[in-house]
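Let's take a walk through this protein together, starting from one residue and working outwards. Keep the model open beside you as we go.

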Amino acid sequence: MTWPATERCFPTAVPGGLGLVQDLLNTVPSCRPEEDDLLGDVTAAQTWVSVALPTWAERTGRASVRLTLTEEDLPRLRQLREQMRRALLSRCGTTSGETARFTSCALQVNLHGDAALTTEPEGEGWRWLTSAILCEALLAQTTGEWRRLKICRNEQCGRAFYDRSRNNSGVWHSTRGCGNAANLRASRQRRRAGAEAEPAPDPQA
């Protein structure tokens with residue numbers, strides 16, 4: 001099982017169910033000009049969710065889920081994606097964040113006989129998927145994994161990646177790709193700034 005949106009650009013996904021959140025974030029077209037928005041139309045969205053949800057079920061030990069999306073679901077899912085992307089960028093200080101409230105999604109909480117608590121998303125279409133996404137994000141926050149899910153600082157990329165650095169200091173989804181490109185641009189800008197700052201030669205000299 002794979003995460004179809006994330007693996008379009010790189011194979012490393014986040015652990016467990018948080019991979020579903022990362023995959024939603026990576027449905028945006030980025031990295032390559034020919035990429036499509038996987039939430040751009042119903043056919044693309046249904047193809048994506050039909051692969052992503054079995055992967056989520058496998059990684060979390062849940063029963064397989066079949067979800068049917070309609071045209072009405074897509075604006076809500078794109079809005080959720082954008083809200084989460086803005087929140088992650090805000091956490092890194094790249095943008096200013098706003099509080100988003102989700103009042104139309106249901107989540108069933110089960111208290112089992114051994115005192116274990118489990119959650120199950122409820123609803124149809126975008127409501128079910130939003131519940132699943134928020135549940136995984138909240139669970140990742142309690143385990144400390146949520147702080148490692150980030151958006152690549154390269155604006156031309158914007159991939160959601162899992163920061164595996166020891167001190168959680170990563171800002172690029174790929175240091176060899178986006179990181180080197182950003183450092184090269186910064187170096188060129190410094191050279192141009194230095195050249196502009198040099199005094200013009202004295203014609204009387």
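Start at T27, which sits in the loop between helix 1 (18–25) and helix 2 (42–60). Keep in mind that this is a predicted model. Is T27 buried or exposed? With a relative accessible area of 0%, T27 counts as buried, because the cut-off for that label is under 20%. Look at what T27 touches once residues up to four places away in sequence are set aside: A5, R8, D36, D37, L38, L39, W48 and R81.

Now for the aromatic rings. How many aromatic pairs are there? The count comes to 1 aromatic pair. The partners are W56 and W128, and their arrangement is edge-to-face, at 5.6 Å centre to centre with 90° between the planes. W56 belongs to helix 2 and W128 to helix 4 (residues 125–143), so this pair ties together parts that are 72 residues apart in sequence. Both rings belong to buried residues: W56 has a relative accessible area of 1%, and W128 has one of 8%.

Next, the nonpolar interior. The largest nonpolar core holds 37 residues, and L20, W48, L129 and W146 touch the most other members. You've already met W48 as one of the contacts of T27. Who supplies this core? At least two residues each come from helix 1, helix 2, helix 3 (73–91), helix 4, strand 3 (149–151) and strand 4 (160–162). Helix 4 gives the most, with 7 residues. Apart from this core lies another one, of 6 residues, with F10, C152, C157 and C178 among them.

W146 deserves a closer look. Leaving out neighbours within four places in sequence, W146 is in contact with L18, V21, M84, L88, R91, A137, A140 and Q141.

Two of those contacts, M84 and A137, turn up again in the pocket. The largest pocket has a volume of about 510 Å³. Which of its 23 lining residues are the closest to its centre? They are M84, F102, L134, A137 and W146. That puts W146 both among the core residues that touch the most other members and among the lining residues closest to the pocket centre.

As for who builds the wall, helix 3, strand 1 (106–111) and helix 4 each give two or more residues to the lining. The largest share, 7 residues, comes from helix 4. By character, the lining divides into 13 nonpolar, 7 polar and 3 charged residues.

Key:
Residues numbered from 1 in each chain as written. Predicted model: local features only at pLDDT ≥ 70, side-chain atom pairs only at ≥ 80, totals over all residues. Heavy atoms only, no water. Helix = DSSP H or I, 4+ residues; strand = E, 2+ residues; numbered from the N terminus. Buried < 20%, exposed > 50% of the residue type's maximum accessible area, 1.4 Å probe, protein only. Contact = heavy atoms within 4.5 Å. Phe/Tyr/Trp six-rings, centres within 6.5 Å; stacked < 30°, edge-to-face > 60°. Core = buried A, V, L, I, M, F, W, Y, C linked by side-chain atoms within 4.5 Å. 1 Å grid on protein atoms, 1.4 Å probe; cavity = no way out; pocket = protein on both sides within 12 Å on 5 of 7 lines; lining within 4 Å. Points joined across faces, edges and corners; volume = space filled by probe spheres on them. Nonpolar A, V, L, I, M, F, W, Y, C, P; charged D, E, K, R; others polar.
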